[in-house]
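Student: I'd like a close look at one loop and the residues around it. Please pick a good one and then show me how it fits into the rest of the chain.

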Amino acid sequence: MASKKASNKRQRGGQKACSNVFSMFEQSQIQEFKEAFGCIDQDRDGVIKKQDLRETYGQLGKLNVSDEELDGMLNEGKGPINFTVFLSLFGEKLNGTDPEDTILAAFKLFDPNATGFVNKDEFRRLLMNQADKFTAEEVDQAFALAPIDPTGNIDYKSLCYIITHGDEKEES
C-alpha cells in the first residue's frame, strides 16, 4: 500500500513539474513551440541533439557553426532536450524580459517631448554607435517588428507591448 502511494505521489509530482512549465504559456504559444521543436528535431526522435542543431543551422544557410557553440546551446538544457525542457528554456528566457514599464522608461529617454515616438534613423544611429553596438543586420531585425509610421517614427509604446506580449498580428 505504501509503495502504491509513493508511486502515485511521484507521478503527480512529475505532472505538477510539467504543468508548471505548460502553464507559463497560452495554448497557441505551446503549439508554436511544438512546431519549432519539430523543425529542430531533425531525426524526429523527440530529443534535440548536436546533429539536429547542426542540420537546422545548415538549412538556414549557416554552415560553419562550431562544436563549442552547439555544445553551449545543449548545455543550457542540463540534460537531454526534450519538448518539456525546450519549453522550460524558453520560459526562462522570456521571464528574463524586463517589465513593460521598464522598457517604456528606457524609450522615454529618447523622447524628450513625450510624443510616444522616436525617429527611426536617429534610433538606428544610436543603436549602432552606443554601448553594446548593434550591427546593421541586428537593427534591421529589431525594426522588422517595430510599428513605424510613414514619416519614419517608431511607436515605441506599441513596440514595448510587442516585446512583452508578442505580436498580435501573428496570433490572428
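**A loop and its neighbours**

Tutor: Arginine 44 lies in the loop between helix H2 (27-40) and H3, where helices (H or I, at least four residues) and strands (E, at least two) are DSSP runs numbered from the N terminus. Before we go further, please keep in mind that this is a predicted model: local features need pLDDT of at least 70, side-chain atom pairs count only at pLDDT 80 or more, and totals for chains, interfaces and linings use all residues. Residues are numbered from 1 along each chain as its sequence is written, and side-chain values use heavy atoms, with hydrogens and water left out.

Look first at the backbone of arginine 44: its phi is near 55°, a positive value in a residue other than glycine. As background, most residues other than glycine have a negative phi. Arginine 44 is also exposed, with a relative accessible area of 60%; here exposed means over 50%, buried means under 20%, and partly exposed is in between (1.4 Å probe, protein chains only). You will find a second case at lysine 78, where phi is near 50°, again positive in a residue other than glycine. Lysine 78 sits in the loop between H4 and helix H5 (83-95), and at a relative accessible area of 74% it is exposed.

Back in our loop, which residue should you turn to next? My choice is aspartate 52, which belongs to helix H3. Aspartate 52 is buried, with a relative accessible area of 2%. Leaving out residues up to four places away in sequence, aspartate 52 touches Ile40, Asp41, Gln42, Asp43, Asp45 and Val47, a contact being heavy atoms within 4.5 Å.

The side chain of aspartate 52 also meets the backbone. A polar atom of that side chain lies 3.3 Å from the backbone nitrogen of aspartate 43, and the side chain reaches the backbone nitrogen of lysine 49 at 2.9 Å. A polar contact here is a pair of N or O atoms within 3.5 Å; within protein, one must be able to donate a hydrogen and the other to accept it, and residues adjacent in sequence count only if both atoms are side-chain atoms.

Aspartate 43 and lysine 49 are partners in their own right, with side chains that meet in a salt bridge (2.9 Å, N to O). That term means a side-chain nitrogen of Lys or Arg within 4 Å of a carboxyl oxygen of Asp or Glu. Aspartate 43 is partly exposed at 43% relative accessibility, and lysine 49 is partly exposed at 33%.

Now follow helix H3 outward. Arginine 54 and aspartate 67 join their side chains in a salt bridge (2.3 Å, N to O). This pair links distant parts of the chain, since aspartate 67 is in helix H4 (residues 67-75) and arginine 54 is in helix H3 (residues 50-59), 13 residues apart. Aspartate 67 has a relative accessible area of 36% and is partly exposed; arginine 54 is partly exposed too, at 29%.

Further along, aspartate 140 forms a salt bridge with arginine 124, with the closest N and O atoms 2.7 Å apart. Here again the pair links distant parts of the chain: aspartate 140 is in helix H8 (residues 136-145) and arginine 124 in helix H7 (residues 120-129), 16 residues apart. Aspartate 140 is partly exposed at 41%, as is arginine 124 at 22%. Back at our loop, salt bridges that share partners join Asp43, Asp45, Lys49 and Asp52 into one network. The structure holds 8 salt bridges.

To place the loop in the record, the UniProt annotation "domain: EF-hand" (unreviewed entry) covers residues 28-63 and 98-133; such annotations may be inferred rather than shown by experiment, feature names are shortened, and positions use the numbering here. Over residues 28-63 the chain is 64% helix and 0% strand, with end C-alpha atoms 32 Å apart. Over residues 98-133 the chain is 53% helix and 8% strand, with end C-alpha atoms 20 Å apart.

Finally, the wider frame: the chain has 10 helices and 2 strands, and buried residues make up 23% of its 172 residues.
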